[in-house]
Amino acid sequence: MSTHSISKGCFVFKPPSKKRRVRQETASNSTERKNDSEDTELRFASCQSLWAQIKLETEKIQENLNKQLLDNLVSFLRRSHSEFQEKTTEWSCQMKSREIPTAALVLGVNVTDHDMTFKSLSEVLQDDITPYVALLEAKDCPGIKNLMQKLMGQLMNCCIDIDEDSFEDDSHVQVSQNKIRCSMTSLINWYKSVMKKTDSETTRKKRNSSSRHWQSPPVVVIFKDMESFTTKVLQDFIVISSHHIHELPLALIFGIATSPMIIHSLLPHSVSSLLCIELFQSLSCKEHLSTIIDKLLLTAWCPFKLGEKVLKVLINIFLYHDFSVQNFIKGFQLCIVEHFYSQPLSVLCCELVDAKKRVNTLSHNQCENIRRLPSFRRYVESQVSENQIALLTSDSFLKEVTQKLLEDLQLYHENYVSVLRCLHVFTSSLPKYPLGKQIRELHCACLENQVWETEEYESSLQLARMLNKSDLVTMLQQCVEIFVSSSGKEFDKTVEKLKEFLTQFQELEAEAFEEDVSVSSEKELQKKTDLYHLQKTLLELKESRRSKKLTKFEMLRFEVVDYIDSLVRNYLVPADHKTLYEVVYFNTASVLRGHLNAAPRTALHTALNNPYCYLKNQALKSDGGSISNKAPDICIAYKLHLECGRLINLVDWLEVSSSLASRKLTTWQG
Amino acid sequence: MSQPEGKVSGALEVKFVPDEAVLSHIADDAGIKVRKDKAQLAVSVKRFAKKLENISDDEAQEILAEENYVAALGTCAQDPVGNGSGVSGGEVYSFQTPKCSSKMAELASELAQTPGQSVAADHFKCPEKTAKTPQSSKRSGSNKVQQRSKKKEFLSTTPYRLRKRLAAPDSCLESESEYSASCSEEDDEEDQKEVSTVLSGQKTPAKATAAATSPPRNALAKKIKEEKMSSLVEEYFEAHSSSKVLTSNRTLQKLQTRRLNQKTLHDLLKKAPLAYAAEMKKLSQQHESLFSKWMLQLHLGFNIILYGLGSKRDLLEKFRTSVLQDSAHLVVNGYFPSITVRSILNSITEEVLDHIGSFRSPLGQLEFIHKRFKEDASLELYVLIHNLDSQMLRGERSQQILAQLSSLPGVYLIASIDHINAPLMWDQAKLRLYNWLWYETTTFNPYVEETSYENSLLGQQSGSLALSSLTHVLRSLTLNARGIFRLLARYQLENKDNTSYPGLSFQDFYQQCREAFLVNSDLTLRAQLTEFRDHKLIRTKRGADGVEYLFIPVDDSTLTDFLEKEDEDV
């Protein structure tokens, strides 16, 4: 069974036996076969279930984010052809203007995410407005003819799909699209016949399936990527359909990646005046990402966590390469897979209740794995000696401790999120954002190392000490809300304390009045002075300010900031200081980077210039730059190729190669 | 050199720049764009050293900027894996640095000049020796000489050869070194026949040309020396306006020895030992340990793409034989010269899905496949594509279809790419469909299978094949027809030195055939010609005056062979 042939390029191999296995089974088998360490099956199962859960969650988030947009679009489409329903006179005069209702949908540059949006859009439309929705893409429509073909194909197919289950005898609608001449007239004829049918249908028997649709539902045409359509095609289509708008209630939706101005640059005024455009803006991809991070990473429910480097890589790929939330989620999926594949202890990465059960059933090997974890070793060293011995020798004791540690870890996560959000409330309103504007930046900073030791944290505390009262009060209120809504139980005291601060601020307000009066009177005294006196008083003022003792407000402000600081020091310890963090954190960023953001060019370059990187042979070790005689032939050939310009004389080239090669041969022999 | 200085200063550096430096800088910039040697010509010898300084300084800055950018991209978040991904972009994308080129020339010339004795003497146990010499001591001294000799070469018509770049101004000295170089080659030749049999014939013509052209060159050089003082600007434009090709005019065709035929070449190559076999084996073992991971990831909806230097065919084959034995799979040789997307789709529908019937368009076919896979959830197919970036598959439409195919839930794609710009084939939409996971699999294996459809330049180019087909076809023809063809072939050979030979015009041909009693009318000749044309033995083209010219599209040597053989037969 060779795959080499001079007459054929494709080779199909089928398994000899016809037995077919379920996909999942092969997958788990394949992991099992190789990986000799423990609990592969369980790990695979928990990986699958976790991913399914996350996928569901992200889809839900997406749905919620798009809800507003879709609602707006639906109501627009309802409005657009309401005239069509209320028969004759009013709309006939309306339609003289021949304007096609058009929705310009600005979606942003993350083109890969658009598919999802369009899919849910067409689903919603088919449910609520009309069964006649056509999705067009530029690459299918190089000419107006192809566009019409595609359009009619989609419309009639959907129509047939609907009709099939209701009745069979009517055959003249089901003529295949190839036989119909694709023109607007035939489209109108088709629409009329369909309408007639549904009319008679509805009079005969109630149809509950399409009862939500209107009497004569509009035909919605979606142009997925408006920018890539040729101008000619778009213009022609719009002009033609505007002639028939009174017979065919058409509505267009343009998907736009750049800016709404593109409509006017693509279409001349004579054409764009035929459209009645309304603009819709989808949520920006950055907000989308923040929501995902907020709901996925900064929650306690998801047992799997991303390490700082990994998160940075994912965010960088998003910001610098594609702005695609889908790709971000793909990266997240890859992290999960990698984690469960490479870390045998990831079997404990699940809900706490399950994890505790699983701890009890751990094998001896797995216990050894736990003992080998660096974080666990650190923990052991901090214990008293008899505990140390017990931890290292007794499996059952180890399991007990592990359960407790996992509990701690869970608790840490719960508290971490609340305090992080609280800190973010403070830092996100400071000038220049020393700790970042987004919560993800703050999250990265906290994961990286002890945040209170960084300069940025220091400067943001300084800035926080200069906040005015109203800001401070609103922030405190927000913090209280965060703590109240959080699931952590330890925060009752914190909430109380914060509330106390709030009441103190309110008390201050009353006193503030009196102080204001005194200050103003002081100022009045200084009114009439000459230059010398002014200077003197200013100096005095400065002196006094330096030595002035703090007002009550300032004292209180310091107290608040110090309290927040203490919270941060308590709860925002970086994860890698926690014992057993390896179980739930995935932190091998290089793997992720290699798989998602590979650099084939660099790989080729390194292989050709510095083969030692791959072929670990001492003879190849060189200081770089020069050509080693001992390098593989391909490397020498490459360097000589660089030496020549655009044109290579093969004779000369080969001669140099041979002189190098002969040298090489002698060295080999010698 | 001021390289460390540039690196330390980091942010901004203000310094006095003389006019000359600026000029030389400009000249250098343009040179990198067009052709380095030209730019170097434009710069006067005196300023060469200065320019070098300038360049290295710029480079340091550039690399620094590059590093900042890369850091922003998150290279900093990398673990020390040591697979070379830490290389900065500046290194990868700058192709010809002046430093590198002169070093190369020196190395090559040194290799050529050091006679065989020295090779015998110390066996060159330390490769560092060659690397070290050019950089430090020689540079400042030899630059001037080097520069001048380059100029000579440019203006004269002497072949541009690497090893002569460093040639001393004295012609007698040069020819001496030249002689010793070829001597050393001859010595080596005896040691190892394998390599030098290919090249053995080259030296004689090489020597001859060198001898013939050296005296005028010397005279020219003197003239140039005087002109050199003329303004820089003139030289700049002179250098840039000239479109003369700088390679020598010696060709493989002119070599005296026959080139090897395909088979002997193949056999010779097969006999050559594979260097670093142990290390390469270790590399491929590393890659093979990933097989189970690949399976897992394929099943989770990712597709896998392999890149890196060396043929990845063996690796994929191993993957196929070791893991995929029990499941349906399709192997596609992308390097196969006439592979098409349609043939891939056909083999899926016909052989995997057992569907009889044809499809009007690939899109329809894809739809059908999609439907079948959707209906039957247990259906699964592994697709292995060697060289997804091959000539035939790299088109936009084929990539689109393959991407759509790969996004089907039951289809698992694992492919390899080799072209340096292969990732440019895909836009975001296609990448989304492909859902790649990248794996670096550098193997250093030779691309034997992949290039087997190409003709090697070292071997005789398909000559034997053409010859056999010629005789084969002609044998089936009548005697007269053979005579007609011979006539044309002779005529073509007589005119082989005439480069503007358009072919034999039909009227002349008819006349000659008539005289040789081969045809009796215009029509019979045309009938014969049609026969030839159907077998692609002759080709016609219309000249400017509308006359039809006939010629045989076979190279001269084959034609000579053919005539000799024919004469023997007759």
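Modeller: First, a yardstick: buried means under 20% relative accessible area, exposed over 50%, and partly exposed in between, with a 1.4 Å probe and protein chains only. This is a predicted model, where local features need pLDDT of at least 70, side-chain atom pairs count only at pLDDT 80 or more, and totals for chains, interfaces and linings use all residues. Residues are numbered from 1 along each chain as its sequence is written, chains are lettered from A and ligands numbered from 1 in the order in which they are written, and side-chain values use heavy atoms, without hydrogens and water.

Biologist: Let's start with the charges. How many salt bridges are there over all chains?

Modeller: Side chains of opposite charge can pair when their charged atoms come close. The rule here asks for a side-chain nitrogen of Lys or Arg within 4 Å of a carboxyl oxygen of Asp or Glu. Over all chains, that gives a count of 25.

Biologist: Take B:E396 and B:K430. How many residues apart in sequence are the parts they tie together?

Modeller: Their side chains meet in a salt bridge, N to O at 3.0 Å. B:E396 sits in helix α19 (residues 396-406) of chain B and B:K430 in helix α20 (residues 428-434) of chain B, so the parts tied together are separated in sequence by 34 residues. Helices here are DSSP runs of H or I with at least four residues, strands are E runs of at least two, and both are numbered from the N terminus.

Biologist: And is B:K430 buried or exposed?

Modeller: Its partner B:E396 has a relative accessible area of 49%, so that one is partly exposed. B:K430 also has a salt bridge to B:D427 at 3.7 Å, N to O, and B:D427, at 37%, counts as partly exposed. B:K430 itself has a relative accessible area of just 2%, so it is buried.

Biologist: Which residues share a salt-bridge network with B:E548?

Modeller: B:E548 pairs with B:R526, with the closest N and O atoms 3.5 Å apart. That links strand β8 (residues 548-551) to helix α24 (residues 522-534), both of chain B, so parts 22 residues apart in sequence are tied together. B:E548 is buried at 16%, while B:R526 is partly exposed at 36%. Through shared partners, B:E548 is in one network with B:D522, B:R526 and B:R533.

Biologist: Over to chain A. Which residues on β5(A) point the other way from A:L250, A:L252, A:F254 and A:I256?

Modeller: In a regular strand the side chains alternate between the two faces of the sheet. In β5 (residues 250-256) of chain A, 7 of the 7 residues are buried, so both sets are covered. Pointing away from the four you named are A:A251, A:I253 and A:G255.

Biologist: Which residue of β5(A) stands opposite A:F223?

Modeller: Strands pair if DSSP finds at least two bridges between them. Strand β2 (residues 100-106) runs parallel to β5(A) with 5 bridges, and A:L105 stands opposite A:G255. Strand β4 (residues 219-223) is also parallel to β5(A), again with 5 bridges. There, A:F223 stands opposite A:F254.

Biologist: Last one: how far apart are the C-alpha atoms of A:E456 and A:C302?

Modeller: A:E456 lies in helix α20 (residues 455-464) of chain A, and its relative accessible area of 40% makes it partly exposed. A:C302 is 154 residues away along the chain. Their C-alpha atoms are separated by 29 Å.
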